[in-house]
There are 2 protein chains.
Amino acid sequence: MKAEIIAVGTEILLGDIVNTNAQFLSKELASIGIGVYRQEVVGDNQARLIEAIDEALKRSDIVITTGGLGPTGDDLTKETVCKYFEMELELHKESYETLLSIFKRAGKEVTESNLKQVYFPRNAKVLANPNGTAPGAIFEKNNKIIVILPGPPKEMKPMYLNHVKKFLIPMGNGIIKSEVVRVLGLGESFAAEKLKDIIDSGVNPTVAPYAKEEDVIFRITASGKDGNEALDLIKPVKEAIKEKLGIDCYAEGENTKLEEVIGDLLINKGLTISTAESCTGGMIASRLINYPGISQAFLEGAVTYSNEAKVRTLGVSQDTLKRYGAVSEETAKEMALGLSKRTGSDISIVTTGIAGPGGGTEEKPVGLVYIGVYYKGQIRVYRQVFNGNREEVRNKATITALDKVRRTILQDNIV
Amino acid sequence: MKAEIIAVGTEILLGDIVNTNAQFLSKELASIGIGVYRQEVVGDNQARLIEAIDEALKRSDIVITTGGLGPTGDDLTKETVCKYFEMELELHKESYETLLSIFKRAGKEVTESNLKQVYFPRNAKVLANPNGTAPGAIFEKNNKIIVILPGPPKEMKPMYLNHVKKFLIPMGNGIIKSEVVRVLGLGESFAAEKLKDIIDSGVNPTVAPYAKEEDVIFRITASGKDGNEALDLIKPVKEAIKEKLGIDCYAEGENTKLEEVIGDLLINKGLTISTAESCTGGMIASRLINYPGISQAFLEGAVTYSNEAKVRTLGVSQDTLKRYGAVSEETAKEMALGLSKRTGSDISIVTTGIAGPGGGTEEKPVGLVYIGVYYKGQIRVYRQVFNGNREEVRNKATITALDKVRRTILQDNIV
């Protein structure tokens, strides 16, 4: 079976957005052994979309569209597919009721324009959209399949994964699986060097490193006649990689987040944590609180961006601030000490730094961040200089601080 | 003149990389008044590429390809275009000498496979590549144009900007400019409804709404014989839109962030702010601190996720917590009051809610968030229910809370 992916949206042809949906779907289709013959992007125009669908279905068996399911007049993917397949639209009761309840929950009236989103032909399979107001659908006619999905990735992806994937698997040619091992504290080239032997000798599975925004991942990919065969091939290679990486490997999994790893560690070991943030300004706390069960462990966070707050809430001395400056090892140390006294937590993590763009000097450049860790009576301050703009410096400081927490807990010691 | 962009590369069809080149070129072409009729991606396969080029040139005047100019056997874009246009390849002296010097500098011998990169037909315009070994080229025949560019963005972009753009400008239909107006507090359909007349009557400029992750934007796009003419056409429409939207329009601009708007407001009016966050757990503070000059205005943030912290740091009464619960109007009110007492700021913003996935009841569902605003002695608590997963609920609560701050300052009153 061959498939084509058609993105519908003038905003893509204008270059206003990148078509990341095509990548997601291509990868997914490859993973179930369905080859993508072509990707296309067409504007919000019925004649052009019909032309594109017609061409694609002459070459391929399956067309997946993304976009054009919204409430406005230029959203016309569904209407166009119905016209192409000569199917009549009628009110789809279940979707209508869902739409009503969404608007009711928000305390609003359903608008006229949203109503068109719940019309579908009787012989289409309607796909519920728990993340938006536009359901998707699967159409079949003359041995050809058209799947229409919404444009926003956060609506499109779960709809594909929860409904479309299992519908398409029987049409694919074997299964390709991949697993991911995640690394912190090592750059891509260092990590890859460490695993050189494994990477070079890999055929099935193959192993490839990728530098992500926050970490480095190794993707282990195998193909098998079914999912289990592929996974059995991956397993020993994954274990070998994890052993070679040691503590630098912090997690497995496509979407595992650092805060989940730390949340699990804190809860399992019965430890409590507090935060006091200057340059990261709430980002560390915010990440920890993303972990749903964190209330057991997270005692309190302070955002002490101003000197006054550092004095008032953490008891940093005016003298220290004057002599060494707010961005200094001494201030970081007093922040960590003051915070642990205030909350009594087992672990305290604090940051103070120069996120930029201004404020840097030769001695204390933009990107300089002191990260202080208090753990069971001991304190250690790490000095780091991060590259990037304000947001990047703050992000890297947040990740590094959280990773220090992880390493401290795992080794039951200030590292 | 109409153009199409064809990316050549099996790795794109496998989903291994995102086709960001198409976005860059689309935006560039739009800016010189060349409409992109379609974007396509095809694999490294001569027959399929010929098919795609042939189809595209039947619809459009210009085809720009990216990728397939490398040294390996499956790089065949140039060879395919020459076959299509029936042109003979011969050694291109200048490119050959450049190639020699690149390899000489690296202390290496030119490989056999790199040599194929410096063969071009006599009547093509060869485009030097200072960032790689693959020159690009412009082909013209029968009033049709094909431009071939390398795949890596850092080679493709300068080649387009330095050579191709000025070649294409005379073929464009004047210059197209667009501006963006940003909206908060109204969904896409409501906002579009409000501007229905302007949207429906728009020809040049056109007005189109887009739902973004955090807000809704209206893009106003006009074409003129030059940039100024286009901007002059946009201006009155933009003003009309801003007037109709009133306070719901919070900013103009492609990348303007809410925290920039609020930071400017706080600084300009000489106001100070503090935050106390339960479910948003530092996200509001973190956004505010993203504004580089915020130290003048931001007094202190508290992350009071636990009841103990709400009592200790904000002075919320145990009795209130017991009687009404941590997620209640009463608690939000006491948080706002306690915070403003503690820091003495002009504005205090607090959140307490149920971000999920657990913890919801019928009366207090997941997504329920109380947002409390203290402003110059007055307090108001807003009750909101947000859809989505934990991260989305927290994000929406953060945006909404920041928007309440914005509205409060603008109206100099609790709204």
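**View 1. Two buried cysteines of chain B in the predicted model.**
Cys249(B) counts as buried, because its relative accessibility is 13%, under the 20% that sets the limit for buried residues. Cys279(B) is also buried, with a relative accessible area of 3%. The model shown here and in the other views is a predicted one. A disulfide is a covalent bond between the sulfur atoms of two cysteines. Over all chains, the count of disulfides is 0.

**View 2. An open sheet of 4 strands in chain B.**
The strands follow the order β10-β11-β9-β12, and their pairing is antiparallel. Strands β10 (206–211) and β12 (249–252) of chain B stand at the edges; each has a single partner strand, so one side of each has no neighbour in the sheet. From one strand to the next, the twist averages 25 degrees. Within the sheet, strand β9 (residues 175–183) and strand β11 (residues 216–224) of chain B run antiparallel and are joined by 9 bridges. One of the bridge pairs puts Arg182(B) opposite Ile217(B) of β11(B). Helix α10 (residues 227–245) of chain B packs on this sheet and touches β9, β10, β11 and β12 of chain B. The direction of helix α10 makes about 20 degrees with that of β9(B).

**View 3. Ala30(B) and the residues it touches.**
Ala30(B) belongs to helix α2 (residues 20–31) of chain B. Is Ala30(B) buried or exposed? Ala30(B) counts as buried, because its relative accessibility is 11%, and the limit for buried is under 20%. Leaving aside residues up to four places away in sequence, Ala30(B) touches Leu14(A) and Ile176(B). Val393(B) lies 363 residues from Ala30(B) along the chain, and the C-alpha atoms of the two are separated by 36 Å.

**View 4. The interface between chain A and chain B.**
At this interface, 71 residues of chain A are in contact with 72 residues of chain B. The size of an interface is often given as the accessible area lost when the parts come together. For chain A and chain B the buried area is about 5,900 Å², with 48% of it on carbon and sulfur atoms. How many salt bridges are there between chain A and chain B? The count is 13. In one salt bridge, the side chains of Lys257(B) and Glu391(A) meet at 2.7 Å, N to O.

**View 5. An open sheet with strands from both chains.**
This sheet has 10 strands in the order β17(A)-β16(A)-β15(A)-β13(A)-β14(A)-β14(B)-β13(B)-β15(B)-β16(B)-β17(B), and its pairing is mixed. Its edge strands are β17 (378–385) of chain A and β17 (378–385) of chain B, each of which pairs on one side only. On average, neighbouring strands of the sheet are turned by 10 degrees against each other, direction ignored.

**View 6. Strand β15 of chain A and its partners.**
Strand β15 (residues 347–353) of chain A has 7 of its 7 residues buried, so this strand is largely enclosed by the rest of the structure. In a regular strand the side chains alternate between the two faces of the sheet. Both faces of β15(A) are covered: Ile347(A), Ile349(A), Thr351(A) and Gly353(A) are buried on one side, and Ser348(A), Val350(A) and Thr352(A) on the other.
Strand β13 (residues 273–277) of chain A runs parallel to β15(A), and 5 bridges join the two. Here Ser274(A) has Ser348(A) of β15(A) as its bridge partner. Strand β16 (residues 368–375) of chain A pairs with β15(A) in the antiparallel sense over 7 bridges. In β16(A), Tyr374(A) is the bridge partner of Ser348(A).
β13(A) is also joined by 5 bridges to strand β14 (residues 298–303) of chain A, and these two run parallel. Ser274(A) has Glu300(A) as its bridge partner in β14(A). Helix α15 (residues 329–343) of chain A lies across β13, β14, β15, β16 and β17 of chain A, at about 145 degrees to β15(A).

**View 7. Chain A as the setting for the strands.**
Chain A holds 16 helices and 17 strands. The C-alpha trace of chain A spans about 80 × 60 × 40 Å along its principal axes. Of its 415 residues, 54% count as buried. Among contacts in chain A between residues at least 6 apart in sequence, 68% join residues at least 24 apart.

Terms used:
Residues are numbered from 1 along each chain as its sequence is written. Chains are lettered from A and ligands numbered from 1 in the order in which they are written. This is a predicted model: local features need pLDDT of at least 70, side-chain atom pairs count only at pLDDT 80 or more; totals for chains, interfaces and linings use all residues. Side-chain values use heavy atoms; hydrogens and water are left out. Buried means under 20% relative accessible area, exposed over 50%, partly exposed in between (1.4 Å probe, protein chains only). Contact means heavy atoms within 4.5 Å. A disulfide is a pair of cysteine sulfur atoms within 2.5 Å. Two strands pair if DSSP finds at least two bridges between them. Axes are lines fitted to C-alpha atoms, for helices over the stretch in contact, and angles run from 0 to 180 degrees between N-to-C directions. Buried area is the accessible area (1.4 Å probe) that two parts lose on being put together, summed over both. A salt bridge is a side-chain nitrogen of Lys or Arg within 4 Å of a carboxyl oxygen of Asp or Glu.
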